[in-house]
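Colleague: I have a structure to go through with you. May I ask how you know what you say about it?

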Amino acid sequence: MEIFDLTIHELHDKLKAKEVSSVEATRAMLDRIEAVDSQVNAYITVTPEQALVEAEAADRRIAAGDIAPLTGIPMGLKDIFITKGVRTTCGSRILENFVPPYDGTAVAKLKEQGAVIVGKLNQDEFAMGSSNESSYFGPVKNPWNLECTPGGSSGGSAAAIAARTATATLGTDTGGSIRQPASHCSCVGVKPTYGRVSRYGVIAYASSLDQVGPLTRDVTDAAILLGAIAGYDPKDSTSVNTPVPDYLAGLKTGVKGLKIGLPKQYFIEGLDPDVKRAMEEAIALYKSLGAELREVSLPHTEYAVATYYLIATAEASSNLARYDGVRFGHRADEIRGLKEMYAKTRAEGFGSEVKRRIMLGTYALSSGYYDAYYVKAQKVRTLIMQDFLNAFNEVDVLLTPIAPTPPFKIGEKLADPLQMYLSDIFTIPVNLAGTCGISIPAGFSAAGLPIGLQLIGKPFGEATILSTAYAFEQETQWHLKKAPL
Amino acid sequence: MKYQVVIGLEVHTQLTTNTKIFCGCSTKFGSEPNSQTCPVCLGFPGALPVLNRQVVEYAIRAGLATNCSITQRNVFARKNYFYPDLPKGYQISQFDLPICQHGHLDIEVEGETKRIGITRIHMEEDAGKLVHADISEVGDDSCVDLNRACTPLLEIVSEPDMRSPDEAIAYLKKLHQIVMYLGICDGNLEEGSFRCDANVSLMPVGSTVFGTRAELKNINSFKFIKQAIEYEIERQAEILDDGGKVIQETRLFDPNTGTTRSMRGKEEAHDYRYFPDPDLVPVLIADQWIEDVRAELPELPEAKRARYVTELGLPEYDAEVLASSRELAQYYEETVALFPQAKIVSNWVMGEVARALNDDNNRSITDCPVTPALLADLLKLMEKGTISGKIAKTVFDEMYKTGKAPERIVEEKGLVQVSDTGAIEAMVDEVLNNNPGQVEQYRGGKETVFGFFVGQVMRASKGKANPAVVNELLLKKLKA
């Protein structure tokens, strides 16, 4: 077992026992990045000097007996997180050289605990994508099979866990961008309830859907990391002022008598046979642990993808208007006049998927189409939320696949955006409903590619999905398997 | 004139909150460019707006003072357009659910009262400023100053109810007075704290169908508003007279030429793609909040004026002048509270006080060196007969210059009024003896000469003789 293989809680124990120092752990991680990241491309920016300074500070803190759960732990951040003094690109050329003057709230919370940030992770440009192929900094390779995508948009955050180039990472999830790559890279990923974690200092894609969450090696780490970043933030008007439970303390609650719903719309024809088999095994396991499983209905599921691509793109078209070349980021050279500055700057700065979504969203909001698209999508969103609330009157947790298939090949779906959009069909409804979901390793395909399992909880029901996931993890070995890298 | 003008006004008032509407930056005017900015008002990636609740309270005040109904569930919307002074590429404003609706103001023009409808009042953030100045290091490029970005505004939109430039001015002045009374806007037109856009159209007299309107922008004084509207009436009338059609467009007023010129036509009009801002939650205004604000509303100019007439017995004119600004009214009321003779105080405030402030570079009444307490003391000295009215004016000037108490000035300068009958009688006798001709005239029936005698006696006493005593003695001696 190498230092870079350890979980947060394992490394924490070693740091606390002074068996290893944070500087050693950080060096080990930086060496590992140096050794394997050229194959994976999980990192956009590595910050070795700063990381070692932080590690030294963590060691001093530990020596003084002041150790928090994340003190001295080498972590990576999706490059969507604003980091003071460290380039933050959001996977885009338009922010290629953008060095922010402030830290976001989640990052500040990690730093308060003394976490060590080793670098900024690759992602789909502006979090728009399901395969990490839209990044200006090149695609991320799946450590389980370098020809496959790691999923997206938090592809780097998931791949770094699988490649063991970070002990834990943060990602963001707008339509599945934490859970789907977690599933494809066989790690644990949590999409918390909307409002649970502050969005302050997270570059906005779709403000009403974006949510920050952890990607980790096991459920215990997810509980630790979520606990560290969750909570009300007066800087984010949409963050919710409700107490954060002790997720770690609740992990061993068990599933005896827990009512688990199986939404029939998620177990459809066309589901990959390996995925189907993994789900059946998971269902059998939960039954054997004393959970009650029953079918439920989420009748508006089929409209979720269309609804998502109207709301998310509408918000994105407005959120991305600030990248205009005036105050920061890329500005085109040799421009004549204001309009040309805007046009050239944005034409050069944004990639094709981002442009596609800006256009879609601009159209959905434009005069004469607003009611037919944006307003209608909001109505359907309300129905989808209601579907979940109805289901949660009957059951405590929902169990579903994360994606219809195991990881796909790089380039496989690039030519067909609709096909790509459909790969998020099981994760998108959770964002629209604003509730929480977790992805946990649940097996491998015949070709050896990871398959994830999704547990969906009630709003602010993170403790329940974590304990439900933990019960599964205790009985399985999937999370212990290492990618061949 | 065969055309009737139809005018609707959109007024932007900058609110006097200490901090901006969605961040904690200062709203102070005139600081070093971009010194009052942060990631939020610079529109940096990842930054989020947080509503300044003071803005909501100010908006409720404005709504209640203009007879609006208050919307209890408020939603902020994004108004999307690109401009270098707009950091986020959208302005946070309100769209279909403005905070105040369906209000009105009554204005008076040529003795007639007219009701002007207020369609809506909404909260929004201001944009920054572009500076096109020739700056040595920058050449002729444009520079962006974002100190003003994200400062709070109320946009107050009237119905197209005004039918002359004078009505438009009357409405604007009334609105201006109200927002200043409410303490929500400093009313400074030059600094852009109170800005106006005018929608102007013409229709044939007698018609009820409005013509096509032009929207006039960039008007920053009452004088210019009148000029702009008058020019626009002329321009549109000429087009109509020639059988042409007025086109719907936005026109920019040029204060140098007093004319307007086309800025953009209807086809170039923005599609603002309004939608609810997902970064902000709806603002819910409970009945209690509205009632609390209502309870704390100051007495408004109209009510004050009426009260001055009915309760204090002031003439309409005095009431109007004194109620014209909250500060002046407050000064007046504080003085009356200490010296309860409404008309005498009114004469002094509108006379000596106003003159002194005016001569002193239009100094504000709030930093008048003669405070209401000092003025009341002065008036009391006059009432007691310690000094004459004439001397009181001298004392006032001295008080204004030095800030000293009137008693002290009177004492130091020996200005105590002489009411001693014996001393005055001696002066009266002397004046009558020295002017036998005038005495003859008076006794011959020319009573206007009386004033001459009074003046002579006052001069002899160096202004200190009690005029009442002087009058009495003069009459007695002349009639004898």
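Colleague: How do you know that strands β7 and β8 of chain A pair, and in which sense do they run, parallel or antiparallel?

Modeller: This is a predicted model, so all I say is about the prediction. Two strands pair if there are at least two bridges between them. Five bridges join β7 (residues 259-263) to β8 (residues 292-296) in chain A, so the two pair. They run parallel. A:I260 of β7(A) stands opposite A:L293 in β8(A).

Colleague: What lies between β7(A) and β8(A) along the chain, and what is the hand of the crossover?

Modeller: Helix α8 (residues 273-288) of chain A lies on the path. The β-α-β crossover is right-handed. That name applies because the path from the first strand over the helix to the second runs clockwise, with the strands pointing away from the viewer.

Colleague: What makes β7(A) and β9(A) a pair?

Modeller: Two bridges join β7(A) to β9 (residues 397-401) of chain A. The cut-off is at least two, so they pair. These strands run parallel. In β9(A), A:V397 is the bridge partner of A:I260.

Colleague: Why is chain A called compact?

Modeller: Chain A has 15 helices and 11 strands. Its radius of gyration is 21 Å. The globule rule gives 23 Å for 485 residues. The two values are close, so chain A is as compact as a globular protein of that length. Its C-alpha atoms fill a box of roughly 65 × 55 × 45 Å, along the principal axes. Buried residues make up 61% of the 485.

Colleague: What does the globule comparison give for chain B?

Modeller: A compact globule of 480 residues would have a radius of gyration near 23 Å, but chain B has 30 Å. The box for its C-alpha atoms is roughly 90 × 55 × 55 Å. Buried residues make up 40% of the 480. Chain B has 15 helices and 16 strands.

Colleague: What makes a residue count as buried in those percentages?

Modeller: A residue is buried if 20 or more other C-beta atoms lie within 10 Å of its own. In chain A, 61% of residues pass that test. In chain B, 40% do.

Colleague: Why is the sheet in chain B called open, and which strands are at its edges?

Modeller: Nine strands form it, in the order β2-β6-β7-β10-β1-β11-β12-β13-β14 (chain B). The edge strands are β2 (69-70) and β14 (259-265) of chain B. Each pairs on one side only. The pairing in the sheet is mixed.

Colleague: How do you know that β2(B) pairs with β6(B)?

Modeller: They share two bridges, and at least two are needed, so they pair. The sense is antiparallel, and β6(B) covers residues 100-109. B:I70 has B:C100 as its bridge partner in β6(B).

Colleague: How many residues of each chain are in contact with the other?

Modeller: 33 residues of chain A are in contact with 25 of chain B. Contact needs C-beta atoms within 7 Å. On the chain A side, α9 (304-319), α10 (338-349) and α11 (352-365) give two or more residues each. α9(A) gives the most, with three. By class, that side has 16 nonpolar, 10 polar and seven charged residues.

Colleague: What confidence does the model have?

Modeller: The mean pLDDT of chain B is 92, and 98% of its residues reach 70 or more. The model scores ipTM 0.96 and pTM 0.90.

Note on methods:
Residues are numbered from 1 along each chain as its sequence is written. Chains are lettered from A and ligands numbered from 1 in the order in which they are written. This is a predicted model: local features need pLDDT of at least 70, side-chain atom pairs count only at pLDDT 80 or more; totals for chains, interfaces and linings use all residues. Two residues are in contact if their C-beta atoms, placed from the backbone, lie within 7 Å. Helices (H or I, at least four residues) and strands (E, at least two) are DSSP runs, numbered from the N terminus. Ala, Val, Leu, Ile, Met, Phe, Trp, Tyr, Cys and Pro count as nonpolar, Asp, Glu, Lys and Arg as charged, and the others, Gly among them, as polar. The radius of gyration is taken over C-alpha atoms; the globule rule is 2.2 Å times the number of residues to the power 0.38. A residue is buried if 20 or more other C-beta atoms lie within 10 Å of its own, exposed if 12 or fewer, and partly exposed in between; C-beta atoms are placed from the backbone. pLDDT is the predictor's confidence in each residue, from 0 to 100.
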